[in-house]
Amino acid sequence: MVTGIIKNKIDKIWTDIWAGGITNPLTVIEQLTYLMFIRSLDEKELENEEFENMTGQKMDKIFPQSEAGQSMRWSKFKEKDSRDIFDIVSQRVFPAIKKMKYGQLPDFSETGELIEIIDNGNKKEEGKTAFARYMEGAAFLIPTPQVLQKIITGLDDLYEHDISDLDMQGDLYEYMLGKLATAGQNGQFRTPKHIREMMVELLAPSPDDYIVDPACGTAGFLVSASEYIRRKYEDTMTNAQWENFISTAFTGFDTDNTMLRISAMNLMLHSITNPEIEYKDSVSKQNQVSSKYTICLANPPFKGTVDAESINDDLKAITNTKKTELLFLALFIRLLKTGGRCACIVPDGVLFGSSKAHKSIRKELVENQKLQAVISMPSGVFKPYAGVSTAVLVFTKTGAGGTGNVWFYDMKADGFTLDDKRSEISENDIPDIIERFHSLDKETGRKRTEQSFLVPKEEIAGNDYDLSINKYKEVKYIPVEYPPTSEILAEIKELQKKISDGIEELEEMLG
């Protein structure tokens with residue numbers, strides 16, 4: 001948990017950067033990401049050196065053994081004069097991490113030029129971290145030596161006194177990401193952690209799963225899935241499962257290099273050192289991936305439209321549209337292996353939209369795949385980002401139907417107030433949702449007036465595949481008995497008399 005003390009320290013660092021002229025929250029997080037990465041490299045080197053001293057076994061070096069190379073280490077420069085720190089970080093460390101390969105930083109020549117790392121045949125390109133792969137377009141924007149020194153001092157204090165393990169690093173990063181309180185231009189925004197965790201609990205991933213988020217943003221869904229797997233299986237995972245966990249188990253696509261850098265860092269702080277984080281326009285012809293993953297978790301952009309010429313033909317065959325929220329649903333189906341499962345967030349319009357494209361994607365889920373659940377969420381869930389009403393869809397890719405009864409749940413509370421403040425409250429339907437979803441056989445007798453119930457596929461098909469809960473929910477009307485009209489008129493006359501008497505009394509006092 002990020003305590004009040006840690007929050008105050010992070011907020012202080014944030015204020016120092018803000019005062020230096022960097023006011024975009026995404027830029028602030030990106031600059032902090034670079035510095036946290038630089039520190040993590042030195043921490044890893046210190047661990048390697050300790051292991052080498054204890055065992056005598058030679059370890060690969062991250063930092064060059066030259067004077068210039070060693071000067072790039074956080075532990076070597078953090079105590080220096082602010083101007084020296086600024087020169088080292090901006091002129092050496094930052095250019096070096098942009099050229100990092102095979103887990104090593106390049107050295108500098110006597111003239112200060114970077115010396116390219118050459119593959120000598122013993123190293124593999126796969127050794128290059130996801131974070132390093134997306135550093136090429138990065139820019140170091142800390143404006144002054146004084147601001148940089150304040151950030152380094154603040155981060156070092158956090159790491160030395162408050163962050164004891166990878167879980168805490170992840171919580172710290174999650175808190176920083178929480179400051180991204182604006183939606184992107186295509187309507188994408190960060191999914192609250194408790195909603196992500198609910199969706200992960202619904203799918204219950206295992207160490208053998210291959211998990212994808214084709215609109216990964218800051219990699220929140222991948223992080224939540226990784227935390228679930230570690231919590232449930234950490235003590236029983238085999239070496240092969242651990243190898244899969246730190247690399248190929250988690251895949252994310254995005255079209256924003258800043259997001260890719262941040263998501264790679266976010267995963268690295270959760271012990272996933274080399275995830276498959278790729279620059280990819282997920283719904284375009286550029287993306288040909290299909291039948292590869294066993295789990296898909298996503299909150300795709302809602303408002304976007306894409307150029308019709310660039311849309312992958314496979315997706316248009318399912319739903320011929322330019323709307324991203326519909327195209328992504330078709331994409332989820334294509335990405336999954338047969339038997340693969342998906343939990344995704346969609347805007348309410350997807351559930352009842354009357355266009356041909358809306359109906360065709362819903363028909364695809366109901367008739368050709370196995371739609372299991374529609375969880376309607378209140379509109380305040382995404383505040384302060386947006387007030388849009390959304391739902392979670394859960395389905396399994398079968399390619400041959402299999403939908404029987406679809407489970408509907410009307411979420412009324414998620415543990416937080418539904419206003420912009422989103423303060424914590426006791427009312428929370430999420431534990432009930434998870435418990436009921438994993439025991440759907442017990443839902444059979446539920447009435448349509450209750451918070452959750454089952455609807456047969458045939459009824460949904462007969463309603464143009466409408467998936468809005470209000471189409472099937474029965475509202476119980478309780479008759480209200482009013483007093484006779486004569487009594488109401490008598491009360492009104494009595495009130496009028498009191499008002500008239502009061503006015504006369506007031507006039508006498510003023511007169």
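Me: How many helices and strands are there in the chain, and what makes a stretch count as one or the other?

Reply: The chain contains 19 helices and 13 strands. A helix is a DSSP run of H or I with at least four residues, a strand is a run of E with at least two, and both are numbered from the N terminus. The model is predicted: local features need pLDDT of at least 70 and side-chain atom pairs count only at pLDDT 80 or more, while totals for chains, interfaces and linings use all residues. Residues are numbered from 1 along each chain as its sequence is written, and side-chain values use heavy atoms, with hydrogens and water left out.

Me: What does the C-alpha trace span, and what percentage of the residues is buried?

Reply: Along its principal axes the C-alpha trace spans about 100 × 80 × 50 Å. Of the 511 residues in the chain, 50% are buried. The term buried means under 20% relative accessible area, exposed means over 50%, and partly exposed lies in between (1.4 Å probe, protein chains only).

Me: Why is the contact of Glu30 with Arg261 called a salt bridge?

Reply: A salt bridge requires a side-chain nitrogen of Lys or Arg within 4 Å of a carboxyl oxygen of Asp or Glu. The side chains of Glu30 and Arg261 meet at 2.6 Å, N to O, so the pair satisfies the definition. Glu30 lies in helix 2 (residues 25–55) and Arg261 in helix 12 (residues 257–268), so the salt bridge ties together parts that are 231 residues apart in sequence. Glu30 has a relative accessible area of 8% and is therefore buried; Arg261, at 5%, is buried as well. The structure holds 27 salt bridges.

Me: What makes Arg39 and Glu160 a salt bridge, and are these residues buried or exposed to some degree?

Reply: Their closest N and O atoms are 3.4 Å apart, so the distance falls within the limit for a salt bridge. This pair links distant parts of the chain, with Arg39 in helix 2 and Glu160 in helix 7 (residues 145–161), 121 residues apart. Arg39 counts as buried because its relative accessibility is 7%, whereas Glu160, at 48%, counts as partly exposed.

Me: Which residues are linked with Arg39 and Glu160 in a network of salt bridges?

Reply: Glu43, Lys78 and Asp156 belong to the network together with Arg39 and Glu160.

Me: How do you know where the salt bridge of Glu367 with Lys457 joins the chain?

Reply: The closest N and O atoms of Glu367 and Lys457 are 3.0 Å apart. Glu367 is in helix 16 (residues 356–368) and Lys457 in helix 18 (residues 457–462), so the two tie together parts 90 residues apart in sequence. With a relative accessible area of 23%, Glu367 is partly exposed.

Me: How many disulfides does a search of the whole structure find, and why is Cys342 not bonded to Cys344?

Reply: The search finds zero disulfides. A disulfide is defined as a pair of cysteine sulfur atoms within 2.5 Å. The closest cysteine sulfur to that of Cys342 is in Cys344, at 4.0 Å, so the two are too far apart for a bond. For Cys216 the closest cysteine sulfur is in Cys296, at 12 Å, which is likewise too far. Cys342, at 0% relative accessibility, counts as buried, and Cys216 counts as buried at 5%.

Me: What makes the phi values of Ala219 and Ser291 noteworthy?

Reply: Most residues other than glycine have a negative phi. Ala219, however, has a positive phi near 70 degrees, and Ser291 has a positive phi near 50 degrees. Ala219 is found in the loop between strand 3 (211–213) and helix 10 (220–233); its relative accessible area is 0%, so Ala219 is buried. Ser291 lies in the loop between strand 5 (276–279) and strand 6 (293–298), and at 41% Ser291 is partly exposed.

Me: Which residues form the negative surface patch, and how do you know that Glu507 is exposed?

Reply: The patch is formed by Glu504, Glu505, Glu507 and Glu508. Glu507 is placed in helix 19 (residues 485–510) and has 52% relative accessibility, so Glu507 counts as exposed. Patch residues have over 30% relative accessible area and no salt bridge; like charges are joined within 9 Å, and nonpolar side chains (Val, Leu, Ile, Met, Phe, Trp, Tyr) within 5 Å. Asp and Glu count as negative and Lys and Arg as positive, while His and the chain ends are not counted.

Me: Which residues make the nonpolar surface patch, and where does Ile488 lie?

Reply: Ile488, Leu489 and Ile492 make a nonpolar patch of about 250 Å². Ile488 lies in helix 19 and is partly exposed, with a relative accessible area of 37%.

Methods. Areas by Shrake-Rupley, 256 points an atom, 1.4 Å probe, with all protein chains shown as cover. Charge placed at Lys NZ, Arg CZ, Asp CG, Glu CD.
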